[in-house]
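Visitor: I am new to this structure and should like the terms used for it explained. May we look at it together?

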Amino acid sequence: MKVHFDKPFLTRTIILIFFIAIAWTLKTVYFVHELELSPHKKFILISSIGFSLVLVSLLASKRSKLHITAAFSLYLVVNLLFYADVVYERYYDSILHIELAGQANQIGDVFSSVITLMYTTDFLYWIDIPFTLAGFIWYNRKQAVDNRPLLSAIFMSSGIAALLFTAFFPLKATFSDQYMVSLTGIIPAHIYTVHNSLYEATLAGEVVSENSAKVLEIKSEFKKNQTLQKTSPYFGKFEGKNVIMVQAESLNTFPVGLEVDGFEITPNMNELISISQYYPNTYLQIGRGNTSDAEFVANNSIYPMAPKGIYQGYPQNNFLSLGKTLKDIGYVTTAAHGNSPDFWNRQEAYKKQGYQTFYHKDHPSIKKDEIIGMGISDESIFKQMMDLHKTIDGPFYNFIVTLTNHRPFVLPEEYQYLDLPEKFKDTATGHYLQSVYYFDQALGKFIEDLKKEGIWEDTIFVMYGDHYGPIPKDEKEIKKLLNVTFNEKERFRVPLIIHHPGQTKGMVNEIVASQMDIYPTITSLLGIERPLVQFGKALDVKQEGFAGFAYETTRYSFYTDDFNYVASHDGTFESGKCIDNNTNEETDIEACRPGFNKLFKDIEASSFMLENNLIPTMTK
Ligand code: GP9
Ligand code: MN
């Protein structure tokens, strides 16, 4: 076979390869800039040339429309995936992973939310498309000869080699997704993560002996946490009482107690706080399962270690959640959520969470009498839960996951009860405050009804936020309109309120807490003695504030009462930053080492338990 390598053809080839490679490099660098990292230009250029060679190989092989179409379709698809990564990262702080493919069906439901993550400046991610198409047509048509299979094969193999080199030479498993992209670009980062996921899927679960040192060590930590629980002044004080736990959709702490022009944004929560335990420094701990991971962490006190969320990743595992623990002692256990049952795989996963009944949009006992946004309104679901529970004989646990206050937060006019000043009109902040106010009203009516029906006095009432409402894009506007600094720490802060039966005096506990402290705090109030699996601490006796992160920000970052540890993108402890909360200045990294070691161990233990379905072993 002859390799045709005439000079004009060579010149055209080089022009096209560099045009694509430079356009792709610029887009990657633009994204890396958005990630606030510095790009490693050489590796990014090599991987972009690799991608470009693959495309050119398709064009060079034959003069035909089909080849132009194939090359252009490939370019479009990869560009679309690139842009999907850009948008996904803005909310989830990671790029898309292969494990998420099964959740593609959820996109329709959250489409209006996704739109809010797209910016007008995003046309820059698409600006080269017409030029690329023109370049492809020009190049393919201008071929001097019709057939260049050997040359095409050379381009293809060197392109693939460049992509594999950039995927497997510089990248390491400890690197954050963003750091991988900043080092080598989006394509090698995906090759690397897909390879890792496929490799991990081939690994069989370990056979773990009940008496292995690792198991015994983890068990002893749980035991310590439980011993601590028992020292709480409230331990067992509310044994046998009902538990109603409301996980509030997209509720941050900053609107709680806020006043705009003399109007309270959360009058009912304010009133509730005035007669309850309030933990204003509680932080989210969600992973890729977002809302569903918040549910998991609050009810299980384990880190959400699954690349696609716990409910999707480990629905068949055996858990010892709050629902299961209470069901085992005779409680009637129910969960409620106004959306379709399969969203976040709840239908399947709830069976192992100990709920006897899951009330959802399609449940025969649930009336779809008021739909707002993604499903049944909060007011309606609260009312229906109240009606279904008032006749129950014996204690119950009702876990309610609200829905109305969901991104994009634009309520129909008739539900926009707040009279906000003009400057809030059509702003993301204004919509969010309206939506939070709606939730607060619904919550207020629910509490009123619970009191009327005589349930309130016999119930531990818990309410917390699942995750942030606004996103970093809204930071400037929130500062301007509300003078609130909506930085990462504020974004991760969610309110936690626990009302004890009969409580009439409020108490604010400022300790740094996280969603995994909710379950132990409740089991302490209920006086549960059986061995429990809980990484969190009962908040009424927790001595040192701690909130650790496995996802959402760089893994192993944490907050304590005194320090914030900002973990590095490369995964090593020493390249992180230890910030003194009193001065807001960086301090000696060693001050953060104990917290890091503890978090590292707990995150390891969480994934070890989940991967090997070890919760039953831990409680023997
Ligand atoms: C979906 C609802 C919202 O059923 O819980 O989930 P989110 O989009 O916030 O993760
Ligand atoms: Mn949510």
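Guide: The following exchange concerns a ligand site and one threonine. This is a predicted model, in which local features need pLDDT of at least 70 and side-chain atom pairs pLDDT 80 or more, while totals for chains, interfaces and linings use all residues. Residues are numbered from 1 along each chain, chains are lettered from A and ligands numbered from 1 in the order written, and side-chain values use heavy atoms, without hydrogens and water.

Visitor: Why is threonine 560 called buried?

Guide: Buried means under 20% relative accessible area, with a 1.4 Å probe and protein chains only. Threonine 560 has 15% relative accessibility, and therefore counts as buried.

Visitor: What is threonine 560 in contact with, leaving aside its neighbours within four places in sequence?

Guide: Contact means heavy atoms within 4.5 Å. On that basis, threonine 560 is in contact with Val512, Gly545, Phe546 and Asn581.

Visitor: Which side chains have polar atoms by an oxygen atom of ligand 1?

Guide: A polar contact is a pair of N or O atoms within 3.5 Å. Tryptophan 344 has a polar side-chain atom 3.1 Å from a ligand 1 oxygen, and for histidine 467 the distance is 3.2 Å. For an N or O atom in the side chain of asparagine 339, the distance to an oxygen of ligand 1 is 2.7 Å.

Visitor: How much of ligand 1 does the protein cover?

Guide: Of the 310 Å² of accessible area that ligand 1 has on its own, the protein covers 97%, with areas from the Shrake-Rupley method and a 1.4 Å probe.

Notes: A polar contact is a pair of N or O atoms within 3.5 Å; within protein, one must be able to donate a hydrogen and the other to accept it, and residues adjacent in sequence count only if both atoms are side-chain atoms. Buried means under 20% relative accessible area, exposed over 50%, partly exposed in between (1.4 Å probe, protein chains only).
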